[in-house]
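Here are some exercises to work through with the model open beside you. Try each task before you read its solution.

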Amino acid sequence: MPDAHASVLQHHFETLQQQKESSSLGMWVFIAQEVLFFGGLFATYTVYRAMYHDAFAAASHHLNVTLGAANTAVLICSSLTMAMAVHAAALGRRKQIVAWLLSTVLLGAIFLGVKVVEYREKWELHLIPGPSFSAHALHLEGDAASHAQIYYSLYFAMTGLHALHMIIGIPIILGLAVFAWKGRYGPEWSTPVEMTGLYWHFVDIVWIFLFPFLYLIH
Amino acid sequence: MTTATPATVLPGEPQLPKKHFLNADYGVWSWLLTRDHKRIALLYLASVTLMFFLGGAYAVLIRLELITPPGDLVSSETYNKLFTLHGVVMVFFFLIPAIPAVLGNFLIPLMIGARDLAFPRINLLSWYLYVIGAAFTFWTIVRGGLDTGWTFYTPYSTVFSNTNVISAALGIFIAGFSSILTGLNFIVTIHKMRAPGLTWFRLPLFVWAHYATSLIQILGTPVVAVTILLVALERVFHFGFFDPNRGGDPILFQHLFWFYSHPAVYIMILPAMGVISELVTCFSRKRIFGYSFIAMSSLAIAVLGFLVWGHHMFVSGQSVYAGMVFSALSFLVAIPSAIKVFNWTATLFRGSVSYETPMLYALGFIGLFTIGGLTGLFLAALGLDIHVTDTYFVVAHFHYIMVGSTVMAYLGGLHFWWPKITGRLYPEWWARVSAVVIFVGFNLTFFPQFVLGYLGMPRRYHFYPEEFQVLNVMSSAGASILGVGYLIPMVYLAWSMRYGKIATPNPWPATGLEWRTSSPPPTENFRETPEIDVEVYDYTVPPKEPFLA
Amino acid sequence: MSEHVVPIRTYVGVFLALLVLTCATVAVARLDLGEPEVAGLRLPLNVIVAITIACAKALLVILFFMHVKYSGRLVQLVVASSFVWLFILIAITMSDYVSRGWSIHPGI
Amino acid sequence: MWSGFPLFPEQASSLASSVDGLYLFLVGVTAVFSLGIAGTILYFAVRYRRRHPDERPGEIHGSLLLELIWSIIPLCIVAVVFVWGATLFFSMNRAPDDAIEVHVVGKQWMWKLQHTTGQREINQLHVPVGRPVRLTLTSEDVIHSFFVPAFRIKKDAVPGRYNMTWFRATKTGTYHLFCAEYCGTEHSRMIGQIVVMEPDDYQTWLQGGPAPVSPVAAGQKLFTELNCVTCHRSDSQGRGPVLDGVAGSSVRLQSGDVVAADDAYLRESIVSPSAKIVEGYQPIMPTYQGQVSEEALFQLIAYIQTLKGPQATPAQPGGGQP
């Protein structure tokens, strides 16, 4: 597809190879930035977990491990479908790309749906940090309740930012699916799919750490 | 004015190229939707200049207030907002973007022989993020200001302040991403877009410095972004992160904040050092002394800079042992900085030194940076820092680094590349005068503050004891000179855009690829992709011919 | 670099390994592995196992799904440095908290 | 305005001259280096000024030897400064054992100080010359910083925790006390005085005014009023650990850690009782966060410190003797 080749090469690059490598490096640098962005939260988490271990454990026991584990599996599945989409894009299999991308979106949506269920449960039990927070459901009182509130503050900040990343990712993947349907991606040029894949896998990795850190405190 | 008006162009006089990036297209949208790194650099130039004078206006009010010991000009509430906004505007909206986003943006593609940065759209997005961040800051000001200090220390910022912390925090958060994306663009560009034959050790040191800066922007900025976000969550939704009444630790905020904000000082100073390396070689007409040591010291500063943040917290109650480690590492940063100063000095040796304005700024930079750097040793020394931290000693120290050094380099660089950017020369006589005025004014303003600080005058004080008045008056007097010094270039640079003498492609003359295209450069920078076979800074031969059609 | 087409077998293998590790981390969390003391340091085994499994999973995703195994040195360097910086942030911050309780009368 | 125009702060504590020593050393280093560099630059700039517009000087690439020299010499200097500074820092953080205790609470925008003898002061601290004074600092609201330039000491008063600093005044007189950490609107008014007196005058000062209630007595009263005594009985039959002799001992916790029962630990045990559970006890104690002021906490701790434990028997896990 020489025409497609010419249209995707941006004017300031010499070759398509240079353009692909730049995109890939750019995405990786962006992910490095993301690592440090979540890193601030993980550092906060580490400090308080070491400080208030017991309250964190008690508070975490109220998370639904089954839902968390199921969601982990869903996200891993979505990573697989994303990887398959990238694979199909590299081979230029138009319908396969679309199918894999849409299944990724579906799995992402399931994850978010489960997250909504979990959040609602916390809402009903007054576990949303703030003035209405009550550690009653956790059977904690006094200072332990405050520390449980720190746990829930971190829980919502971390899972919330993670979910936000997914919410940003889903429309991007949908957009890719549209372009894929139009036959934009093939062996010559599939960088957008690849880059979105990297982003999506990164979001998966964040969850891989969030799950044991938030749900499985012993 | 010593320059002629361009009423008549004599034969043999340089002429502007017919087509260049400034006249490639006309109209507001040709600027607001541009993807040309040179135009984006000029958008940044206009915005950071605006922010510089806004921040400067706050400084004027602060210095006016401090002429007398009692707080008689403004109320304490207002005074606190003045220094807070001075800090926020200057740090996040002037110093951090100034050299990278203006000079770096304009020059990096030119210096490496590329047609643009790797991601032109993201480059434009960076500018828009900057503008949105600045808009939030304006909103903060209009709504009544901010009084937390630019450091946003908790729990004051999260629980006690009654001012507009949220909008200010959002502004900084957004501007942070502007900075991250600029860094990302630079890293990819420097890695992937270098002209054929331009190997790493042939790169100008300006590029090396920006590479190191970008590393900090990428690896540090996200941490302060998320920290600011936590402050906002704690303030708006009463999440508990740093509030001691709910078991939070305010010192954790300081760790997270300084993890970025100490390296942020290197975001300001590393590009400045890059500028100085260019200026010193050009005006000594001699290869930089110890090229690889200067290049590597930039990286060393960037990496070591991440390991020293705790030296802002020696009196906070941080563990004594952590304090010792931070102190030791802080001293190590002094070494690469010293290496640079010595190498610049050695570059002059047996050179052919001329004293055009950029060189005056460069020499001024070396002097002020030396003092700023050496006073950093006072603050890294544990037992001594206890006395001087949070006093005017610190204020003087970081102004020597951030204003004395960074702004000097910024102005020096702006003058140096002004002919390249606009195609016209600035009036040399006025420029030299203003360089001297700024140097003198700066020292008069900030040197007394070292003495004040050691005497024990705390920073951020609206009222102060009478015995500190003489030094404060000296400082304010110096500030008025400094202010004039900053206004003069503003005037003649604006004037020269229209009336300045037409510049040749290489007026100094200097080596470096940016001088081998027309002034101003065409939109695509070079008519043909340049090929490089020698390293930059080869001053033994007359300047090479430009790559012109 | 990104031209390398990874066989589907690899993806499925990695996927299965990730699922197995997820089950393992849940299962291990139900056990109390104790906190044996080694050379004066108490090692909370549960935490160590959980982190190890999470790191293994992340590594699988990074190496295979994200193709870092097949990427150039530069990308590998970027990935490594982001985690090194994360480590710097957490480790140095924690060094303050860990040593706050230490006496400043070191037996003199 | 020219009256009293000092260029150097007064030295009024035992540490001041050591800090100034390091300061002057560094001023010397700064002067030598900056004048040296400036001089060299000026000399080069004049000596090698451009004499002809087409002048092309020869190349010099660099010199490894020079790079090594100008890396190693500064490294040696900063190593000396580091050790010097760290030594000073350690002595600043290690109060002599015979120090007078003063409790300091920072609050927007005043300093509240209390002596062990019971005298309370606001924005003023009277101390005898020649005796070490140990300050335990905390804050009721935001972070403040206790700064006495003449003593060269400064320490943040951080809400929720205790920080410590100390000084030994060497000269009688009145010295500035500043809040050095920005704390809000009236930050620059959060100032006070340290009055250093001859020991005899200090004794007179202590005896002047109405007879104060000592913190220990106030703490004992609180201990009873807050019903602490119900659980913390001295006969090991209570639901809480025995407090006799706990202050200054090592306590083994439920988690297996052993912690030193210093002021900070005692404070935490009152406001965050669940954070560190003593081995063998249940986390049943309610928090006193917000119910007991920082000053009352100091009093309670002062009282607990007086509970000596000669009667502690090995059967008491709360006693903490492993």
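Two residues count as in contact, or touching, if their C-beta atoms, placed from the backbone, lie within 7 Å. This is a predicted model, where local features need pLDDT of at least 70 and side-chain atom pairs count only at pLDDT 80 or more, while totals for chains, interfaces and linings use all residues. Residues are numbered from 1 along each chain as its sequence is written, and chains are lettered from A and ligands numbered from 1 in the order in which they are written.

**Exercise 1. Place Leu181(B) in its surroundings.**

Step 1: start with the contacts. Leaving out residues up to four places away in sequence, Leu181(B) touches Ile122(B), Leu125(B) and Ser126(B).

Step 2: find the element. Leu181(B) sits in helix α6 of chain B. Helices (H or I, at least four residues) and strands (E, at least two) are DSSP runs, numbered from the N terminus.

Step 3: check burial. A residue is buried if 20 or more other C-beta atoms lie within 10 Å of its own, exposed if 12 or fewer, and partly exposed in between, with C-beta atoms placed from the backbone. Leu181(B) has 26 other C-beta atoms within 10 Å, so it is buried.

Step 4: take one long-range pair. Leu181(B) and Tyr539(B) are 358 residues apart in sequence, and their C-alpha atoms are 35 Å apart in space.

**Exercise 2. Describe chain A, then pick out its helix α7.**

Step 1: count elements. Chain A has 7 helices and 0 strands. Its C-alpha trace spans about 70 × 30 × 30 Å along the principal axes.

Step 2: look at packing. Of the 218 residues in chain A, 58% count as buried. Take the chain A contacts between residues at least 6 apart in sequence: 77% of them join residues at least 24 apart.

Step 3: read the confidence. pLDDT is the predictor's confidence in each residue, from 0 to 100. Chain A averages 91, and 97% of the residues score at least 70. Among its elements, α1(A) (residues 2–8) has the lowest mean pLDDT at 57, and α7(A) the highest at 95. Where pLDDT is low, the predicted coordinates should not be read in detail.

Step 4: zoom in on α7(A). This helix covers residues 191–215, 25 residues in total, and reaches 36 Å from first C-alpha to last, close to the 36 Å expected. The expected span is 1.5 Å times one less than the number of residues. Since 24 of its 25 residues are buried, α7(A) is largely enclosed by the rest of the structure.

**Exercise 3. What does chain B offer to chain A, and what does chain D offer to chain B?**

Step 1: take B against A. Here 32 residues of chain B contact 31 residues of chain A. On the chain B side, α7(B) gives the most, with 9 residues. By class, that side has 21 nonpolar, 7 polar and 4 charged residues. Ala, Val, Leu, Ile, Met, Phe, Trp, Tyr, Cys and Pro count as nonpolar, Asp, Glu, Lys and Arg as charged, and the others, Gly among them, as polar.

Step 2: take D against B. Now 79 residues of chain D contact 78 residues of chain B. The top contributor on the chain D side is α2(D), with 16 residues. By class, this side has 43 nonpolar, 21 polar and 15 charged residues.

**Exercise 4. Work out the strand order of the open sheet of 5 strands in chain D.**

Step 1: write the order. It goes β4-β10-β9-β6-β7, with mixed pairing; two strands pair if DSSP finds at least two bridges between them.

Step 2: mark the edges. β4(D) (124–128) and β7(D) (153–157) each pair on one side only.

Step 3: follow one pair. β6(D) (residues 144–148) and β7(D) are antiparallel over 5 bridges. Phe146(D) stands opposite Lys155(D) in β7(D).

**Exercise 5. Is helix α7 of chain D buried or exposed?**

Step 1: count. With 10 of its 13 residues buried, α7(D) is largely enclosed by the rest of the structure.

Step 2: list some of them. The buried residues include Leu297(D), Phe298(D) and Tyr303(D).

Step 3: find the cover. The elements over these buried residues include β1(D), β2(D), β5(D), α4(D) and α6(D).
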